[in-house]
Structure formats: C-alpha cells, structure tokens
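Got a new structure open and wondering why things get the labels they do? Let's go through it by asking and answering.

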Amino acid sequence: MAPEPESTPAPGHVGFVGLGIMGSRMAANLARAGYELTVFNRTRSTAEAWVAEHGGTVAASPAEVGAAADLVISMVVDGDQVRAVLLGDDGVAQGAAPGTLCVDMSTIAPAQTRAIGAELAARGLSMLDAPVTGSSPKAQDGTLTIMAGGSTEDFARAEPLFGVMGELVLHVGALGQGEMVKVINNSVAAANAAAVGEALLVGQKTGVDLDALVQIMGKGSGGSAMLDLKAGPMRAHDYTTLFKLEHMLKDVRLCLEEAQAAQVPFGAAARAREVLVAAMARGHGDDDFAALVEALEAFAGTRIKA
C-alpha cells in the first residue's frame, strides 16, 4: 500500500469548545477528516446533537476537554468567554497536561489574547490565536480564511487542522496579531457594507435601475466582496444570519480601541460603528450585519425596493 502524502495528518484526539453557528461546522469538518473529537458546549443538548450526527464524545466541562486532548480549539463569543473556558474554575487549563496547545479561534481583543496566553504559559500550556473570516457557508465547506498568531512551532502543530477548516491559512506574527488582522479586516468589511447600503439608497432616491447599478458596480471599480454578498440581502431586507450584526459591532469596536491606542485615525470604521449602533438600537443585533441598511434607510427617510 502506498504511503499517505506527507500533507495528510494522522488523525489525533482534538478538543473543541463552542458549537455555535461557526464552531459546529468547523468541528464537523475535523470529524469528517478523521479526527476524534471531545466537545463541550454551554448548552449540553447542542453538543449531544452534534455528537449524534458526527461522532465523538460530549464533555461535561472544558476541563474534561482539556484532559482528553493535547490540542483544544475554542470558538466562543468574546474575551470573557475565552477566559472562562480556558482559565476558569472548570476551564481547559484545569484538566490539561503540560504542553497542551490551546487554539482560540474566537475574535477578541489582541490585548486579552496576550494576557490569556501569558497565564496559560505560566501553567505550562501554549496558545495560538487563530480567528477566521468567511461566515457560516465557508465554515460549512472548509474554505475559511484563517490568520494565526503565536510561535512558529505551535503554528506547525495546528496547521494540519487549519488546512481542514480553511482554504487560506497564514501565520501572521506573534500572539495577538491574528486578532489584530481580523478586526482590521472586519472593520473594512463593515465600512464597505455601509457604503454599499448608501449607494443603493442614493440610486433608489435618484430613480436609478438598481439591477443595472449593482451589475455595473460589480464589474467596475466600485465592486467589492460586500457588494457581491450583501447588496441582494439589503434589497430584499433578508437578514438571515450569516454573521451577527452585534458581533460585527464588537469587532469594529475592538479595532477602533487598538487604533486609538496606536494614535491612528480610522474614520471609515468609526462611521461604520455608528451605523451598526443605530441598527442595534432598532433591534437587529441578532440579524446578519446586512441589517445595518435599516439604520441607513432611517437616516435617509426612504426604503430600498427589491
């Protein structure tokens, strides 16, 4: 029998904490690739349903996940949750053996990542921050973009798993730099989405054929990923959640905090934050961030027609 290609990882035991919209799909790709998973989710029934479909073991706590695996992935909402699942009283660090690698794929403040990493290191554990972009469809088909911060040795340990979950995988620097790249990227995305919404409103108000506008922009210098992904949902007012508006607001806020600390203005991101805040106030926090157009429509006193 021919040997397996060197790029094919030998299946190992992996821990996964957080089986939400993104995490459940990312973990499923690892299971399909042959990795044995021990999983934890705050709502146990969600973890049980996931295991019933994909196999693996449900843990009663993150500490049990840490005890079962030598590499643990976390995919939760914010920095407080990351700290709790990794360093809390029943966190991964309570059960993990020295040398365990914690790979946080959430999006949190770079400073929080570095602080958590230092506490893990004091316990003999290592950490990578590896946030992702691509929303749930790319999590589903394993084509996420993954940007990882941490040591080259830790990145090499995690890279085979990243290759299962993502299409573009980059080591972008020291611990915390993955988060920094992510929040800058999402801030640009939010600013672009707001610009798309405003362009549609200008077109609407001046009698432009919006089908023609979207086609021309898409083929010209006005084209963007946000035009491709969000113009249709904005026009249809269909905010089926791919990436929650409240999560986008969090990422933009984190970026602006870092920009302020670095004394660099980021006016487009600041404007996007205000639009997202206004959309949150209108009750769209759980909707896809395309719902920011609701705030723009309120500002303009008009509504986009499909």
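**Why the labels fit**

Q: What makes C102 count as buried?
A: C102 has 1% relative accessibility, and buried means under 20%, so C102 counts as buried. Bear in mind that this is a predicted model.

Q: Is C255 buried or exposed, and how do you know?
A: C255 is buried: its relative accessible area is 2%, and the cut-off is under 20%.

Q: How many disulfides does a search of the whole structure find?
A: The search comes back with 0 disulfides. To count, a pair of cysteine sulfur atoms would have to lie within 2.5 Å.

Q: Why is the aromatic pair of F155 and F162 called tilted?
A: The ring centres of F155 and F162 are 6.0 Å apart, with 40° between the planes. Centres within 6.5 Å make a pair, and planes under 30 degrees apart would be stacked while over 60 would be edge-to-face, so the rest, such as 40°, is tilted.

Q: Are F155 and F162 buried or exposed?
A: Both are buried: F155 has 9% relative accessibility and F162 has 1%, set against a limit of under 20%.

Q: What makes the pair of F243 and F289 edge-to-face?
A: Here the angle between the planes is 85°, and the centres are 6.2 Å apart. Edge-to-face needs over 60 degrees and a pair needs centres within 6.5 Å, so F243 and F289 fit on both counts. By this rule the count comes to 2 aromatic pairs.

Q: Why say that the pair of F243 and F289 links distant parts of the chain?
A: F243 is in the loop between α11 (225-236) and α12 (245-261), F289 is in the loop between α13 (267-281) and α14 (292-300), and 46 residues separate them. As for burial, F243 is at 18% and F289 at 4%, so each is buried by the under 20% rule.

Q: How do you know that K230 lies over the face of F289?
A: K230 is 4.5 Å from the ring centre of F289, and the distance limit for a charge over a ring is within 6 Å.

Q: What makes β8 and β9 a pair of strands?
A: Strand β8 (residues 144-149) and strand β9 (residues 166-173) share 6 bridges in the parallel sense, and at least two are needed for pairing. One of the bridge partnerships joins G149 to G173 in β9. Together with helix α8 (residues 152-165), β8 and β9 make a right-handed β-α-β unit.

Q: What is the phi of S135, and why does it stand out?
A: S135 has a positive phi of about 60° although it is not a glycine. Most residues other than glycine have a negative phi, so a positive value gets a mention. S135 is found in helix α7 (residues 135-141), and at 18% relative accessibility it is buried.

Q: Is Q263 buried or exposed?
A: Q263 is exposed, because its relative accessible area of 73% passes the over 50% mark. Q263 lies in the loop between α12 and α13 and has a positive phi of about 60°, again without being a glycine.

Q: Which helices do the buried residues of α14 pack against?
A: They pack against α9 (177-205), α11, α12 and α13. Among the buried residues of α14 are L292, V293 and L296. After α14 comes G301, with a positive phi near 70°.

Technical notes. Residues are numbered from 1 along each chain as its sequence is written. This is a predicted model: local features need pLDDT of at least 70, side-chain atom pairs count only at pLDDT 80 or more; totals for chains, interfaces and linings use all residues. Side-chain values use heavy atoms; hydrogens and water are left out. Buried means under 20% relative accessible area, exposed over 50%, partly exposed in between (1.4 Å probe, protein chains only). Helices (H or I, at least four residues) and strands (E, at least two) are DSSP runs, numbered from the N terminus. A charge sits over a ring if NZ of Lys or CZ of Arg is within 6 Å of the ring centre and within 35 degrees of the ring normal. A crossover is right-handed if, with the strands pointing away from the viewer, the path from the first strand over the helix to the second runs clockwise. Contact means heavy atoms within 4.5 Å.
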